[in-house]
Amino acid sequence: MRFKLVLPILIGKLLRVATRLRGGGSAFPGWFVMKLAPGFIDDVIAQLSHGVIVVLGSNGKSTTTNMVTGIARAHGLKVFTNPSGANMPQGVASSLLGQVSLTGKLPHDIGIIEVDEAYGKVICRALKPRAAVILNVQIDQIYRLFEPERVAGMFRDIAAEVTETIVLNREDNFLSTLGDRLAEEGRLAVEWFGTAPAVLASAPHGLVVARDYANEGAVRAPRAVTAEVLSSEGADTVIAFRGEQRSIRLSARGLHNAVDAAGALTLSAAALPGEFSLDTAVSALQSMKTVYGRGETITVGDRTVEILLMKSLASLQMNLDALEGTPDSVMIAFDEHSRDPSWLYAADLSVLRHVDYVSGPKAVFIGLRLHYAGIPYDHVETSTEKALQAMLDGPRPASGRHTLILDYDQMMLARKYLGYRDLEAGAA
Amino acid sequence: MSALTLLELYPGHLMMNGDMGNAAVLKRRAELAGLGFLIVGHEPGGALPDHVDLVSIGTGPTSAQAVVGADVALIGPQLRELAAAGVPMIAVNAGFHLLGRSLTLPDGTLIEGAGVFATTTQPRSDRTVTDAFVVDTEIAGRVVGVENQSVTVTLHEHSPLGRVVTGRGNDGKAEGAVNGNAIGTHLHGPVLALNPALADHLLAAAARRAGLDYRLNAAHAEIDAVARQAREHLVRGIGVAVDAAA
């Protein structure tokens, strides 16, 4: 049985090395191995004693996957996880290729996998997840996802592939409808995480979730939450988990991170029944590193560079809402592949008073948006690296902090550039 | 009255694609010209303000269109009156369809529109997403935006906004509708942010009706240069010039 896998795995691994030598990862080796051995993913994941759990949602997938992975590792489990971004079937197969032996042995206990909504059905059919968390349904990437209703439908289809437990955000309009339906069906255990009403009320733009117009005004039974965010101040949150309150300092600021943590705790408890310890989980959350580019701070000489992600309206708005006052040194950089720039106008940018650099291939669209918001900006530099270097070479801001609000590709570029600087700067 | 009042229809429902930016653009440009500007929102069940100088309506998911449909029919007579009086309007995508005569949703539900535009709108099974949607218009020359829609619009009278250069528009040939100073279109971007000439057309008409002077200055020119660069960016690589041949 296993022997059949040797050749496909060998070829896949060689392809993986080759594509990496050419620079960057690739989903191609995964695609190739799945062509040669369609049962590859099945065979490999069947070895996981704790099975696979998946993380879904419009925003927060990478952060939550990171949190659940950290919690599971703190419980002594060996975790297989996909690097953020590799959330399509071929990508997962490629990541598995990097971990398995030539005979297809996978030395892990649990798979914790981030899954793209549009590919979720296919990938979950292959992975047969025991448990899943769905974080939110937000207006996101409408050039490919079209309408939130369509995304909610994708999540409904994905839920049908989950075998034991589904963890849902009580404060999400579409997910509360979905959860009620699933609870009525009775096939899955439905667990909720949530945010206390007072916390929601004091968030400038709430959780930026999509409205479910078709089901508004429906009377609903109360939903008991497993984990609830009771407060969120900067990176500090208080979460009640099954009635026990814990203060947690997370690795990044913002209500969205606190809500992700509540979701991560709920999913972890469902994924590790009998083993889950709240103390272990909380200390794992406290000692966690940020997923790169998500509220990450990097020290460069006498400056702090903070990287905030703006890959959708929700991520931009939640990150702006989490700022402690008006940042005094700001760069905003927009990707070429952000195809429809319209959503920039749905964001409330009023926390910004001034922007130093607009950057990225689509810098001009940020500039135009700032003009109409009446927010002045100093420089347009389409190269994110050059803009960043110019900022670092410029005067040190009073706060000592440069706030970088970056689209996905620009975040990767900026990070790579800063890492390179770190190496050059040696012990700095 | 030295301030212009813009009526924004259903901002809580038709907010999927940043078209609320059109109201923000009109406000900013009016203010840069020294005019006061007030945005008043209207949601289903509410009453329209007594005085309206401009109207803006954006796009939303099918579910939101179904919810606001009844209210659109209710305020339809008032909107038709405003349009007949020459009040400038910008209606985008679902907002354009809702301000037409009727709109059929994908599930077959027929929604009676406001009747500002002489259009009927039918759903299609496929969706058109055009990253550089280019339309040649009489009122603002070549306009550029983004298209994301899945309907066919039939224009029974009135003129289209323009001729499709790239993308699909109403039917693959014509795009949008113009009734007096009311403009319906599928252009996102938002359309007025990317195409200030269209915004100025609406503002000039509104100011004229209000006995005000809408005069452009250097601050507008600065924005217009950036908007032009944005349009140039969108058409780069598709072999279409940013300006129509004279």
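# Exercises on a predicted two-chain model

B:A3 has its place in strand 1 (residues 3-9) of chain B. The model you are working with is predicted, so have it open as you go through these exercises.

**Exercise 1. Decide whether B:A3 is buried, partly exposed or exposed, and find which residues are in contact with it.**

Solution. Start with the neighbour count: 14 other C-beta atoms lie within 10 Å of B:A3. A buried residue needs 20 or more and an exposed one has 12 or fewer, so B:A3 is partly exposed. Next, set aside the neighbours within four places in sequence; B:A3 is then in contact with B:L35, B:G36, B:F37 and B:L38. Finally, try a long-range pair: B:A3 and B:A207 are 204 residues apart along the chain, and their C-alpha atoms are separated by 9.2 Å.

**Exercise 2. Describe the surroundings of B:N22 and work out what they share with those of B:L26.**

Solution. Begin by locating B:N22, which is found in helix 1 (residues 20-32) of chain B. It has 30 C-beta neighbours inside 10 Å and therefore counts as buried. Beyond four places in sequence, the contacts of B:N22 are B:S56, B:I90, B:V92, B:P190, B:V191 and B:L192. For one of these, B:I90, the C-alpha distance to B:N22 is 8.0 Å, with the two positions 68 residues apart in sequence.

Now list the contacts of B:L26 under the same exclusion: B:L6, B:L54, B:L192, B:A199, B:L202 and B:L203. B:L192 appears in both lists.

**Exercise 3. Characterise the largest nonpolar core and say where it lies with respect to the domains of chain A.**

Solution. First, the count: the largest nonpolar core has 209 residues. The residues with the most contacts inside it are A:V54, A:L56, A:A132 and B:L26. Helix 11 (residues 255-271) of chain A gives the largest share of this core, eleven residues. Both domain 1 (3-225 + 256-286) and domain 2 (296-425) of chain A contribute residues, so the core lies between them. As background, nonpolar side chains tend to be buried together in soluble globular proteins.

To look at the two domains themselves, take their C-alpha centres, which lie 29 Å apart in chain A. Their contact takes 13 residues from domain 1 of chain A and ten residues from domain 2 of chain A. On the domain 1 side, the residues divide into six nonpolar, six polar and one charged.

**Exercise 4. Determine how helix 2 and helix 5 of chain A are arranged, and which residues make their contact.**

Solution. Two packed helices are described by the angle between their axes and the distance between the axes. For helix 2 (residues 28-36) and helix 5 (residues 89-99) of chain A, the axes come within 7 Å and cross at roughly 90°. That makes helix 2 of chain A roughly perpendicular to helix 5 of chain A. Helix 2 of chain A brings A:P29, A:G30, A:W31, A:V33 and A:M34 to the contact, and helix 5 of chain A brings A:Q90, A:G91, A:V92, A:A93, A:S94 and A:L97. Sorted by character, the residues of this contact are seven nonpolar, four polar and no charged.

**Exercise 5. Break down the side of chain A that touches chain B.**

Solution. The contact takes 25 residues from chain A and 30 residues from chain B. On the chain A side, helix 7 (142-145), helix 8 (148-159) and helix 14 (363-373) each supply at least two residues. Helix 14 of chain A provides the largest share, six residues. The chain A side divides into 16 nonpolar, four polar and five charged residues.

**Exercise 6. Inspect the backbone at A:V208, B:H158 and B:P190.**

Solution. Recall that most residues other than glycine have a negative phi, and most peptide bonds are trans. A:V208 has a positive phi, near 50°. A:V208 is found in the loop between helix 10 and strand 7 of chain A, and it is buried, with 25 other C-beta atoms within 10 Å. B:H158 has a positive phi of about 65°. B:H158 sits in the loop between strand 8 (141-155) and strand 9 (162-164) of chain B, and it is partly exposed, with 18 other C-beta atoms within 10 Å.

Last comes the peptide bond from B:G189 to B:P190, which is cis, with omega near -10°. B:P190 is found in the loop between strand 12 (182-185) and helix 4 (191-194) of chain B.

Terms used
Residues are numbered from 1 along each chain as its sequence is written. Chains are lettered from A and ligands numbered from 1 in the order in which they are written. This is a predicted model: local features need pLDDT of at least 70, side-chain atom pairs count only at pLDDT 80 or more; totals for chains, interfaces and linings use all residues. Axes are lines fitted to C-alpha atoms, for helices over the stretch in contact, and angles run from 0 to 180 degrees between N-to-C directions. Helices (H or I, at least four residues) and strands (E, at least two) are DSSP runs, numbered from the N terminus. Angles under 35 degrees count as roughly parallel, over 145 as roughly antiparallel, 65 to 115 as roughly perpendicular and the rest as oblique. Two residues are in contact if their C-beta atoms, placed from the backbone, lie within 7 Å. Ala, Val, Leu, Ile, Met, Phe, Trp, Tyr, Cys and Pro count as nonpolar, Asp, Glu, Lys and Arg as charged, and the others, Gly among them, as polar. A nonpolar core is a set of buried Ala, Val, Leu, Ile, Met, Phe, Trp, Tyr and Cys residues joined through C-beta atoms within 7 Å. Domain bounds come from an automatic or database domain assignment.
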